[in-house]
Amino acid sequence: MKTIENVSFHVSRRGFLHGALASGVFVLSARLIPQPLWAAEAEAAAPPFQPSLWMSIASDGTVTIVAHRSEMGCGSRTALPLVVADELDADWSKVKIDQATGDPKYGDQDTDGSHSVRSSFDLMRQVGATGRVMLISAAAAQWNVSPKECTTESHFVVHRASGRKVGYGEVAAAAAKLPVPKKEDVPLKSRSQWRYIGKESNSLFDLPEMVTGKTIFGMDATMPGMVYASVEHPPVLGQKIKSYDDKAALKVPGVQKTLTIDTFKPPHQFQPLGGVAVIADNTWAAFRGRKSLKVEWDSSPHSEYNSAPFRKTLEATSRKPGKIVRNLGDVDAEFAKGGKIIEAEYYTPHLAHVSMEPPVAVAEYRDGKVLAWAPTQNPQAVQETIASVLGIKKEDVTCHVTLLGGGFGRKSKPDQVAEAAVLSKQLGKPVKVVWTREDDIHCDFFHSVAAMYMKAAIGADGKPTAWLQRTVYPPIGSTFDASATYALDEMGLGWNNLPFDIPNHRAENGPADYHVRIGWLRSVANIYHAFAIHSFADELAHNANRDSVQYLLDLIGPPRIVPLEYKEEDADEKQRYPLDTARWRRVVEIAAEKSGWGKRPMGKGRGMGIAAHRSFLTYVATVVEVEVDSKGQVHIPGVWTALDAGTVVSPDNVRNQFEGAAVFGTSLALFGEITATNGAIDQSNFNNYQLARMNRAPRHVDVQIVKSEAPPAGVGEPGVPPFAPALYNAVFAATGKRVRELPLSKTKLV
Amino acid sequence: MIQFKVNGQEKTFGGDPEMPLLWYLRDVAELTGTKFGCGMALCGACTVHQNGAAIRSCTTAMSEIGGTEITTIEGIAPMHPVQKAWMEIRVPQCGYCQTGQIMQAIAFLKDNKNPSDQDIDTAMSGNLCRCGTYQRIRAAIHQAAKHQATTHPTMKHPATKHPTTKHQAAKETA
């Protein structure tokens, strides 16, 4: 967690002129012709008022706010500047957003973990409020009155006593000459004074360009003189080229040449996979040329990876004791008492991200430096990866961030940007690397395959007296350390922080080897953890002949703060975001009430299910209603989600995120499955890796946001985890069939 | 040479006749509002209009467009009632698929002025949105239908519901 103090806030104006000037170079709403890296920046005639790295005001009143987080559809590029504008008391129509390049001066820029707003909310308030104080001081000095007699009103400083007012632009130059006040001299607005934070009227900054096709995604970025490349990657992770024949490829009109990219040395991290690149005049010629390539690959230690036997291995491991990651009481003693025991096993397959925009990037290498434009969630990872692969300094890699056509975690990994840089170095000109959908699916950093084993001892009241949960999956850590087999870093994703009110409770993690690249996908391990926990909870409810909602509330237990183990770096989280079961109970109650739980007759083939999961510090409960037709096809007439994410900046966007999470959840629950045969991925495009289309998506998604003054929590991911178990629990209610593996399409319901 | 129109402008193309229209639009004509998503007509991100009908430009070869009129999102005069509705309902998240969704919706609403949910689902299920904005897309199409009805009353259909309009139109023609 970052605080104001450890982010460089008090910086010299001069040092950060670059940020302000960049807005003239990078205008997201115009066709992009990036300036070459070495083009001298014109000196600004009149430096704008720029009290910090993050914000500047020009003499015409234009406020430029730096967005240091990437926009992949979650709204952080809008939300954080809104917070600045609010405390600045700025008129939003006079705000421009300058997308930051990758640079540690902005702190962590990795747009992941649903933490853009929660990590930067306080800082952005401070940025805006500091500007406001300085503008007031400048105006007060001009009027020869005390700053205390002045206030602000939407882009004006006002002195009510004399009826005077002056626009921000008019006092910007004078404000620029003032010292930046200390944090304790900068008052923040009270909540009732907020004009943007929490308001229904907020909409995405880029919305007008989005509906007119003027936005620039990575797919749309160009550089003068660039060529296009399509890369034939090894089908199995770690394979190297044995030989290749490009004669036919070179005959394709528009194909210029072929080049090779070295296969990474383990661990693979975000390095290029290696392969043969076809360089061409346009994207189509590169694609066509690639189809005519003949490549032979050598062997790989992962060539024996087959999904069906691997599943058996994972399941066998899940039945053996693993490393203990949370332990209360003594589950073994309770199991040994000889009472009623219930066991169940759950399985979830690999998933692919499939952002609508496949991986793509344009990069130019020249004189030991790289300039890249990419749809990346993490421009600093672009710098580090390219620097490492090319053996240059990361400061010599400039990464501009375009809009992202979806990310979902895939675009935190910049292997395709590194490919463009590697090829540009060989060619001596800018290269645009465009992945096909097949490349995207074959060469993903996959959501992990997982097996979970659950066991409970049931007391006389039907509630568990002991609960054992064991999870096994190839860890994300294997991407960074080839010997990693335990996922201890992922236990906080809904496994070691399950606060059920059960006296004997043990959570474990077993080891697993990786054979494909493993990465984080929207809500990450929470998906399989929540699937096992909330499917099992529902099984226990039915076993006890109890209503699922009431049983879940009993499991959560009375309102209380649950003590949890925290890592040292999460001290801020521990203090500001205690696990509060009152908030968890509340979302369950709201979702149940809004869905009409237990009050509407369901009829044949219909049913409702519930699950409630806390992830990324947000409490979410979801009720799914299903209708299973005579052919066994599942329809979803309604979804009711209630969430408590603390303070919310843009409520309509938050609803959009949770509506989308229900669709994302439908895709993974009904269809999502990636498998491997002899190390190669079997799926290739949307015909065999299906997503929920409009006719299979939930017909209606109702999202209720609990009003809260708690610190902001995550909104991009937390809607996903409860969806699949709620859906499966509804399928059980509708059909009496308890399905314990994802996706549902593998099970015949009728 | 293949001759055709893009957004009202005469164009010729002498390159690879197998090149999909999508890549001509993006790489040659530099009209990047039309997006690449799958290359197999499975996702609809590349939707444009050929003589007013929605087509998938990723599987339409340049050899198939001679003598026809292509319209891309850049050729839709903003704010079209569909774009206006998309703004009002605040449909997009990442925005990448939305130009294809809008082109599909515009062509659909020409043929169906007052669609049901079922009609919309049928017409729009070829367009994927990974962010999952389908509920808002459906709402925006209903809203756009209302906008079109009020913006262009004479175009409202069926004629039997508006005998006066029909009568006036007939008189004007005479």
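## Strand pairing around β18 of chain A

Two strands are taken to pair if DSSP finds at least two bridges between them. In this predicted model, strand β18 of chain A, residues 431–434, has two such partners described here: β8 and β15. Strand β8 (residues 227–232) of chain A runs parallel to β18(A), and 3 bridges connect them. Within this pairing, Y228(A) is the residue opposite K432(A) of β18(A). Strand β15 (residues 360–366) of chain A is antiparallel to β18(A) and is joined to it by 4 bridges. Here A363(A) faces V431(A) of β18(A) as its opposite residue.

The side chains of β18(A) alternate in direction: V431(A) and V433(A) point one way, whereas K432(A) and V434(A) point the other way. All four of these residues are buried, K432(A) included.

## Overall form of chain A

Chain A contains 18 helices and 29 strands. Its C-alpha trace extends over about 85 × 75 × 45 Å along the principal axes. For 750 residues, a compact globule would be expected to have a radius of gyration near 27 Å; the value for chain A is 27 Å, and so the two agree.

Of the 750 residues in chain A, 57% count as buried. Contacts in chain A often link positions far apart in sequence: among those between residues at least 6 apart, 79% join residues at least 24 apart.

## Contact between chains A and B

The two chains meet through 48 residues of chain A and 45 residues of chain B. On the chain A side, the elements that give two or more residues are α5 (207–212), α7 (283–291) and α17 (651–671). Of these, α17(A) gives the most, with 7 residues.

By class, the side of chain A that touches chain B consists of 22 nonpolar, 18 polar and 8 charged residues.

## Cis peptide bonds

Most residues other than glycine have a negative phi, and most peptide bonds are trans. Departures from the trans form include one in chain A and one in chain B. In chain A, the bond between P266(A) and P267(A) is cis, with omega about -5°. P267(A) belongs to the loop that lies between β10 (255–261) and β11 (275–280) of chain A.

In chain B, a cis peptide bond leads from P78(B) to M79(B), and its omega is near -10°. M79(B) is located in the loop between β5 (69–71) and α2 (81–89) of chain B.

## Positive phi in loops beside α13

Two residues of chain A other than glycine, S523(A) and N545(A), have a positive phi. For S523(A) the angle is about 80°. This residue lies in the loop between β21 (504–510) and α13 (526–543) of chain A. S523(A) has 32 C-beta neighbours inside 10 Å and therefore counts as buried, since the cut-off for burial is 20 or more.

For N545(A), phi is near 55°. N545(A) is placed in the loop between α13 and α14 (548–556) of chain A. N545(A) is exposed because it has 8 other C-beta atoms within 10 Å, and a residue with 12 or fewer falls in that class. The two loops thus both adjoin α13 of chain A, while S523(A) is buried and N545(A) is exposed.

How values were computed: Residues numbered from 1 in each chain as written. Chains lettered and ligands numbered in written order. Predicted model: local features only at pLDDT ≥ 70, side-chain atom pairs only at ≥ 80, totals over all residues. Contact = placed C-beta atoms within 7 Å. Nonpolar A, V, L, I, M, F, W, Y, C, P; charged D, E, K, R; others polar. Rg over C-alpha atoms; globule rule 2.2 N^0.38 Å.
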